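Me: I should like to learn how to read the side-chain contacts and local features of a structure. May we proceed feature by feature?

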Amino acid sequence: MNDDLVCWKCGASLADLPLPLGRLAECLACHGELHVCRLCRHYDPAKAKQCREPAADDVKDKTRANFCDWFQPRP
């Protein structure tokens, strides 16, 4: 699955990074933070709080690293 992951910010492959992605994980190409809502499988701009996981805390900045326990990177 890691072979399919790409950075939400620049599109670079994340195949060289170990899973699970830690809170401080960064893209090797652009140094963008990766434990972010924009890379999560629950992220959905059409939903309330932009998240399909109803139990997740509201994260204001979807592009910054956070401590969400529901985070699961999506290809």
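Reply: Let us begin with glutamate 33, which is partly exposed, with a relative accessible area of 23%. The structure is a predicted model. The side chain of glutamate 33 meets that of arginine 64 in a salt bridge, at 3.1 Å from N to O. Arginine 64 is likewise a partly exposed residue, at 48% relative accessible area.

Me: How many salt bridges does a search of the whole structure find?

Reply: The search gives 4 salt bridges. A pair is accepted when a side-chain nitrogen of Lys or Arg lies within 4 Å of a carboxyl oxygen of Asp or Glu.

Me: Which residues are linked in a network of salt bridges?

Reply: The network links Asp58, Lys60 and Lys62. Lysine 60 and aspartate 58 meet through their side chains, with an N to O distance of 3.1 Å. Lysine 62 also forms a salt bridge with aspartate 58, and here the closest N and O atoms are 3.8 Å apart.

Me: Is each of these residues buried, partly exposed or exposed, beginning with lysine 60?

Reply: Lysine 60 is exposed, its relative accessible area being 73%. Aspartate 58 is partly exposed at 39%. Lysine 62 has a relative accessible area of 10% and is buried.

Me: Let us turn to cysteines. How many disulfides does a search of the whole structure find?

Reply: In general terms, a disulfide is a covalent bond between the sulfur atoms of two cysteines. The search of this structure finds 0 disulfides.

Me: Why is the sulfur of cysteine 27 not counted as bonded to the closest cysteine sulfur?

Reply: The closest cysteine sulfur belongs to cysteine 10 and is 3.7 Å away, which is too far for a bond. The cut-off for a disulfide is 2.5 Å between the sulfur atoms. For cysteine 30, too, the closest cysteine sulfur is in cysteine 10, at 3.7 Å, so that this pair is also too far apart for a bond. As for exposure, cysteine 27 is buried at 1% relative accessibility, whereas cysteine 30 is partly exposed at 28%.

Me: What should be said of the aromatic rings, and which ring has the charged end of arginine 23 over it?

Reply: One may look for rings paired with each other and for charges placed over a ring. The count of aromatic pairs is 0. The ring of phenylalanine 67, however, has the charged end of arginine 23 over it, 4.2 Å from the ring centre.

Me: How is the interior to be read, and how many cavities of 30 Å³ or more does the structure hold?

Reply: One considers the number, the volume and the lining. The structure holds 1 cavity of 30 Å³ or more. The largest cavity contains about 130 Å³ of space. Its lining is made up of 18 residues, and Cys37, Cys40, Cys51, Val59 and Cys68 lie nearest the centre. By class, this lining comprises 10 nonpolar, 4 polar and 4 charged residues.

Me: Finally, the backbone. Where is there a cis peptide bond?

Reply: The cis peptide bond joins leucine 19 and proline 20, with omega at about -5 degrees.

Me: What is the phi of histidine 31, and what is that of lysine 49?

Reply: Histidine 31 has a positive phi of about 65 degrees, although it is not a glycine. This histidine 31 is exposed, with a relative accessible area of 52%. Lysine 49, also a residue other than glycine, has a positive phi near 60 degrees. Lysine 49 counts as partly exposed, at 36% relative accessibility.

Terms used:
Residues are numbered from 1 along each chain as its sequence is written. This is a predicted model: local features need pLDDT of at least 70, side-chain atom pairs count only at pLDDT 80 or more; totals for chains, interfaces and linings use all residues. Side-chain values use heavy atoms; hydrogens and water are left out. Rings of Phe, Tyr and Trp (its six-membered ring) pair if their centres lie within 6.5 Å; planes under 30 degrees apart count as stacked, over 60 as edge-to-face and the rest as tilted. A charge sits over a ring if NZ of Lys or CZ of Arg is within 6 Å of the ring centre and within 35 degrees of the ring normal. On a 1 Å grid over the protein atoms alone, a cavity is a set of points where a 1.4 Å probe fits but cannot get out, and a pocket is an open set with protein on both sides within 12 Å along at least five of seven lines; lining residues have an atom within 4 Å of a point. Grid points are joined across faces, edges and corners, and a volume is the space filled by probe spheres set on the points. Ala, Val, Leu, Ile, Met, Phe, Trp, Tyr, Cys and Pro count as nonpolar, Asp, Glu, Lys and Arg as charged, and the others, Gly among them, as polar. Buried means under 20% relative accessible area, exposed over 50%, partly exposed in between (1.4 Å probe, protein chains only).
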